[in-house]
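Here is a walk through one model, helix by helix and side chain by side chain. Have the viewer open and follow along.

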Amino acid sequence: MMKKFGLLLVGGIAAIVFLANIGPLLALAITLGIAYLVVKEFLKAKTTGSKIVWGIIGLIFLSASISNIPSVMALLAAYVMYLVYKNWNNKKQVTVNNNNDNDNDPFMNFEREWENLNRN
């Protein structure tokens with residue numbers, strides 16, 4: 001019961017952090033996407049003037065992207081929410097030891113044979 005409460009508390013905090021940073025996260029994605037397209041156009045440009053213009057535009061969008069870096073916390077919060085979701089119904093698995101498993105285990109076979117030799 002306490003584990004579920006802890007997971008609920010951590011998941012709630014992560015959800016609040018995610019929702020608080022969703023706008024800057026979208027802005028970061030958009031500015032990085034535009035910066036990527038600008039770099040591709042910069043590499044295609046033939047003249048020096050066009051390279052300068054694409055370079056200036058690229059620096060503008062790169063600086064806009066850098067200003068949105070703290071929104072990476074939204075990605076971390078989303079990952080924490082995923083971990084909470086994954087561990088919500090996680091139960092300890094109990095393995096049952098069958099005799100078939102012992103037949104394949106060389107140490108158990110040795111122990112069994114040693115007992116048989118000591119009995120005779």
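## A greasy patch on the outside

A patch here is made of residues with over 30% relative accessible area and no salt bridge, and nonpolar side chains are joined into one when they come within 5 Å. Keep in mind that this is a predicted model.

With that in hand, look at Leu-59, Leu-62, Ile-66, Ile-69, Val-72, Leu-75 and Leu-76: they make up a nonpolar surface patch with about 660 Å² of accessible area together. Helix 3 and helix 4 are the elements that give two or more residues to this patch. One of its members, Ile-66, sits in helix 3 and counts as exposed, at 55% relative accessibility.

## Two serines tucked away

Right beside Ile-66 in the numbering, Ser-65 belongs to helix 3 too, which runs over residues 48-67. Is Ser-65 buried or exposed? Its relative accessible area is 3%, and since anything under 20% goes down as buried, Ser-65 is buried. Once neighbours within four places in sequence are left aside, Ser-65 is in contact with Leu-28, Thr-31 and Leu-32.

Ser-71 is placed in the loop between helix 3 and helix 4. Despite being in a loop, Ser-71 is buried, with just 2% relative accessibility. Beyond residues up to four places away in sequence, Ser-71 touches Asn-21, Pro-24, Leu-25 and Leu-28. So Leu-28 turns up in the contacts of Ser-65 as well as those of Ser-71, because each serine has heavy atoms within 4.5 Å of it.

## Helix 4, inside and out

Helix 4 covers residues 72-87. Its 16 residues reach 23 Å from the first C-alpha to the last, close to the 22 Å expected at 1.5 Å a residue. Which residues of helix 4 are buried? They are Ala-74, Ala-77 and Val-84. These cover an arc of only 75° around the axis, so they sit on the same side of helix 4.

Flip to the face turned away from that buried side and you find the exposed residues Leu-76 and Lys-86. Leu-76 also belongs to the nonpolar patch. As for the buried side, its cover includes helix 1 and helix 2.

## Helix 1, the other partner

Helix 1 takes up residues 2-20. What span should its 19 residues have? At 1.5 Å a residue they should span 27 Å, and the end C-alpha atoms are indeed 27 Å apart. Leu-7, Gly-11 and Ala-14 are the buried ones in helix 1. Looking down the axis, these buried residues fall within an arc of 65°, which means that they line one face of helix 1.

On the other side, helix 1 shows Met-2, Leu-8, Ile-16, Leu-19 and Ala-20 as exposed. The cover runs both ways: helix 4 is part of what covers the buried residues of helix 1, and helix 1 is part of what covers those of helix 4.

## Phe-42 at the end of helix 2

Helix 2 spans residues 22-44 and includes Phe-42. With a relative accessible area of 30%, Phe-42 is partly exposed. Not counting residues up to four places away in sequence, Phe-42 touches Lys-51, Trp-54 and Gly-55. Phe-42 and Ile-52 are 10 residues apart along the chain, and their C-alpha atoms are separated by 8.4 Å.

## Salt bridges

How many salt bridges does the structure hold? There are two. In one of them, the side chains of Glu-41 and Lys-44 meet at 3.8 Å, N to O. Both residues lie in helix 2, three residues apart, about one turn of the helix. Glu-41 is partly exposed at 32% relative accessible area, whereas Lys-44 is exposed at 54%.

Glu-115 and Arg-119 also form a salt bridge, with the closest N and O atoms 3.7 Å apart. Here the setting is helix 6 (residues 106-119), where the two are four residues apart, about one turn of the helix. Glu-115 is partly exposed, with a relative accessible area of 43%, and Arg-119 is exposed at 63%. Why does such spacing suit a pair of side chains? An α-helix has 3.6 residues a turn, so residues three or four places apart point the same way.

Notes
Residues numbered from 1 in each chain as written. Predicted model: local features only at pLDDT ≥ 70, side-chain atom pairs only at ≥ 80, totals over all residues. Heavy atoms only, no water. Buried < 20%, exposed > 50% of the residue type's maximum accessible area, 1.4 Å probe, protein only. Salt bridge = Lys/Arg side-chain N within 4 Å of Asp/Glu carboxyl O. Patch = residues over 30% accessible without salt bridge, like charges linked within 9 Å, V, L, I, M, F, W, Y side chains within 5 Å. Areas by Shrake-Rupley, 256 points an atom, 1.4 Å probe, with all protein chains shown as cover. Expected span 1.5 Å × (residues − 1). Arc of directions from axis to C-beta.
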